[in-house]
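Dear colleague,

Please find below the structure that I agreed to pass on to you. My notes on it follow directly after it.

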2 protein chains.
Amino acid sequence: MARPSRGGVDASGPGEVPGPYLLFLGDTTEPGYAKTAFGLRDWARGRCVGEYVLEGGTVSTGLPALTPAEARVRGARSMVIGVANAGGFIPAHWVDALVAALEAGLDIVSGMHSRLRNIEGLGEAADRLGRRLIDVREPPAAIPVASGRPRSGRRLLTVGTDCALGKKYTALALAAAFRERGLDAEFRATGQTGILIAGGGIPMDAVVSDFAAGAAEQLSPDADPAHWDVIEGQGSLFHPAYAGVSLALLHGSQPDVLVVCHQPGRAHMLGYPGYPVPAIEQTIHLALRLGGRTSPAIRCAGVSLNTSGMDESAARRLMREERHRLGCPVADPMRGGAEFEALVEACLA
Amino acid sequence: MARPSRGGVDASGPGEVPGPYLLFLGDTTEPGYAKTAFGLRDWARGRCVGEYVLEGGTVSTGLPALTPAEARVRGARSMVIGVANAGGFIPAHWVDALVAALEAGLDIVSGMHSRLRNIEGLGEAADRLGRRLIDVREPPAAIPVASGRPRSGRRLLTVGTDCALGKKYTALALAAAFRERGLDAEFRATGQTGILIAGGGIPMDAVVSDFAAGAAEQLSPDADPAHWDVIEGQGSLFHPAYAGVSLALLHGSQPDVLVVCHQPGRAHMLGYPGYPVPAIEQTIHLALRLGGRTSPAIRCAGVSLNTSGMDESAARRLMREERHRLGCPVADPMRGGAEFEALVEACLA
């Protein structure tokens with residue numbers, strides 16, 4: 001089936017995103033649109049020197065307010081567009097600020113749908129100034145077809161019952177916990193926000209389908225036998241639109257360990273009212289069965305619950321009940337505690 | 001996850017390939033390289049007005065030898081490159097003949113890896129003459145994300161234990177058999193040769209993975225309740241590189257009926273010696289389980305064996321044995337006979 005993959009608009013794609021970052025918030029007044037900036041503040045604080053808010057903007061990350069020139073002096077190498085508006089495009093009245101960042105010596109990084117080079121005046125300015133426009137939704141060029149060859153090192157993949165319920169945060173929290181235990185562990189990003197947090201990765205959903213498993217292989221290459229790659233899952237094996245992405249990621253990742261992520265109370269797949277969310281145990285069973293094809297010793301270490309909609313005591317009670325019912329550690333990484341410690345231990349067992 | 005899909009180089013992609021065709025064979029001397037031309041002769045004879053062989057070429061389809069100008073007079077609308085060389089590119093000494101076809105009023109159609117517009121001199125000639133260069137490996141623009149919505153009409157999908165063992169031929173033979181019974185049936189192509197045979201389709205392996213199931217939905221749209229779409233399968237749910245494509249096609253196709261395709265004697269996945277070919281019954285079971293997500297009443301009508309490497313009596317004996325063992329019709333569509341009649345009846349039951 002294979003054919004050559006198409007390359008990014010600007011050279012190498014998001015294999016590496018140049019940090020540290022200045023976070024651009026535009027003139028946003030709606031905090032819900034600034035998830036990328038907040039995610040970077042929370043998970044990649046060391047990669048962020050400050051924020052840049054335009055006149056009229058009211059949303060802040062609490063990081064130092066800096067102009068692009070000030071950020072450059074403090075070591076910033078790129079300005080990251082940390083907001084998405086409803087349409088996923090960049091409004092015309094932001095362009096002057098983006099050009100100013102290029103003039104200050106920063107590259108521009110975007111995780112938005114629309115391509116930076118398609119914005120009137122931006123490509124021209126970048127070319128003139130010798131700066132880069134980096135779309136992290138653009139996959140790297142020349143991804144090979146998957147080989148299926150076993151790789152050295154250890155791998156964990158987060159697998160979801162649905163989209164958008166905590167696979168990225170679970171992987172970030174587990175990678176951090178592994179490192180706190182003195183292990184050599186790396187978070188491997190497969191979506192745009194994760195790529196900005198990690199400073200690199202591959203946007204799985206944007207890879208041509210024949211190369212999707214190959215992209216997953218490339219994302220977690222051969223490593224030291226004691227090294228852990230903790231890989232951000234995508235979609236769900238039960239998703240009517242994205243299951244193919246999830247399966248390619250599962251096959252190519254060759255995980256030793258799975259952690260299944262679920263949001264209690266979500267009855268239907270997000271945006272798909274005709275499709276019930278599968279049970280956790282169904283998801284464990286199917287992921288192990290399919291994952292065993294490329295990783296024969298695959299196992300499920302436990303379950304990560306997104307209990308953000310529950311109060312503390314209800315959340316802890318549910319974790320206990322689910323642990324009892326499923327017979328494996330069940331935790332909410334955002335709440336930590338003994339439950340999370342048990343999940344981490346089970347991953348490393 | 002979704003982002004807009006990228007469009008084809010030349011307008012609309014291979015949604016429709018303009019026929020009838022003149023088959024271009026270059027100066028090929030190796031029949032194995034002319035599979036596309038032979039496939040078109042065997043399965044789309046009505047779309048082919050003749051062949052065009054360059055000096056030194058020894059391979060022929062047996063169709064009338066015509067120059068591009070003669071073919072145009074006989075109604076040809078495009079010249080199809082019916083040969084692939086080892087590297088999958090178009091040698092420089094073919095370019096004059098391709099330009100001659102453009103000058104004669106024919107579009108050029110290619111299923112090769114390399115893009116026609118990247119061939120020196122060809123894009124310029126096409127633009128000057130107002131002709132099209134059509135790469136059937138380029139998916140159509142603006143494929144939507146899959147909706148998972150049930151569609152009217154009936155659908156059959158061929159599913160393989162591996163790649164390259166008869167999924168396309170099985171689908172073509174079943175669609176032809178359905179039509180012979182007076183049914184309204186259409187072959188739906190998902191790979192380059194199938195697209196040339198059908199005169200349209202979507203190259204599934206070239207679709208960005210987030211849109212792969214959406215492409216499959218688009219390929220077999222709502223239809224009359226009695227209409228059959230017979231869809232060409234791709235890859236295998238057990239393939240370490242392509243299973244994601246196979247799952248997206250299975251989910252998006254929402255088939256009522258599966259026919260599992262297998263090549264007896266193939267021990268390992270083609271090109272993947274570390275991966276045994278799954279058993280037929282394993283493939284049936286997994287395809288029904290996964291396919292049931294978007295098509296709850298899915299069933300397997302039977303098995304198609306590629307017995308091209310066996311003699312007639314051994315092939316018939318194996319079909320009987322497998323039918324007995326699996327408890328469903330087992331046939332080689334290329335051999336026809338009572339076994340194939342039984343498979344067709346089971347599909348329509």
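In which loop of chain A does A:Q254 lie? The residue is found in the loop between α8 (243-253) and β9 (257-262) of that chain. Please bear in mind throughout that this is a predicted model.

A:Q254 deserves a further word on its backbone. Its phi is near 50°, a positive value in a residue other than glycine. With a relative accessible area of 6%, A:Q254 is buried, because the limit for that class is under 20%. In chain B, B:A164 also has a positive phi, of about 50°, although it is not a glycine. B:A164 sits in the loop between β6 (154-160) and α5 (167-180) of chain B. Its relative accessibility is 57%, so it counts as exposed, the cut-off being over 50%.

Cis peptide bonds are the next item. In chain A, one such bond joins A:G19 and A:P20, with omega about 0°. A:P20 belongs to the segment before β1 (21-26) of chain A. In chain B, a cis peptide bond links B:G19 and B:P20, again with omega about 0°, and B:P20 is found in the segment before β1 (21-26) of chain B.

Turning to the fold of chain A, I would draw your attention to an open sheet of six strands with parallel pairing, in the order β7-β8-β6-β9-β12-β13. Its edge strands are β7 (185-188) and β13 (330-331), each of which pairs on one side only. Within the sheet, strand β6 (residues 154-160) of chain A pairs with β9(A) in the parallel sense over five bridges. A:V159 stands opposite A:V260 in β9(A). Helix α8(A) packs on this sheet and touches β6, β8 (228-231) and β9 of chain A; the direction of α8(A) makes about 165° with that of β6(A).

Finally, some overall values for chain A. The chain has eleven helices and 13 strands. Its radius of gyration is 20 Å, close to the 20 Å that the globule rule gives for 349 residues, so chain A is as compact as a globular protein of that length. Along the principal axes, its C-alpha atoms fill a box of roughly 60 × 50 × 45 Å. Buried residues account for 61% of the 349 residues. Of the contacts between residues at least 6 apart in sequence, 75% join residues at least 24 apart. Chain A exposes about 12,800 Å², of which carbon and sulfur atoms supply 53%.

Yours sincerely

Conventions. Residues numbered from 1 in each chain as written. Chains lettered and ligands numbered in written order. Predicted model: local features only at pLDDT ≥ 70, side-chain atom pairs only at ≥ 80, totals over all residues. Heavy atoms only, no water. Helix = DSSP H or I, 4+ residues; strand = E, 2+ residues; numbered from the N terminus. Buried < 20%, exposed > 50% of the residue type's maximum accessible area, 1.4 Å probe, protein only. Pairing = 2+ DSSP bridges. Contact = heavy atoms within 4.5 Å. Axes fitted to C-alpha atoms, helices over the stretch in contact; angles between N-to-C directions. Rg over C-alpha atoms; globule rule 2.2 N^0.38 Å. Areas by Shrake-Rupley, 256 points an atom, 1.4 Å probe, with all protein chains shown as cover.
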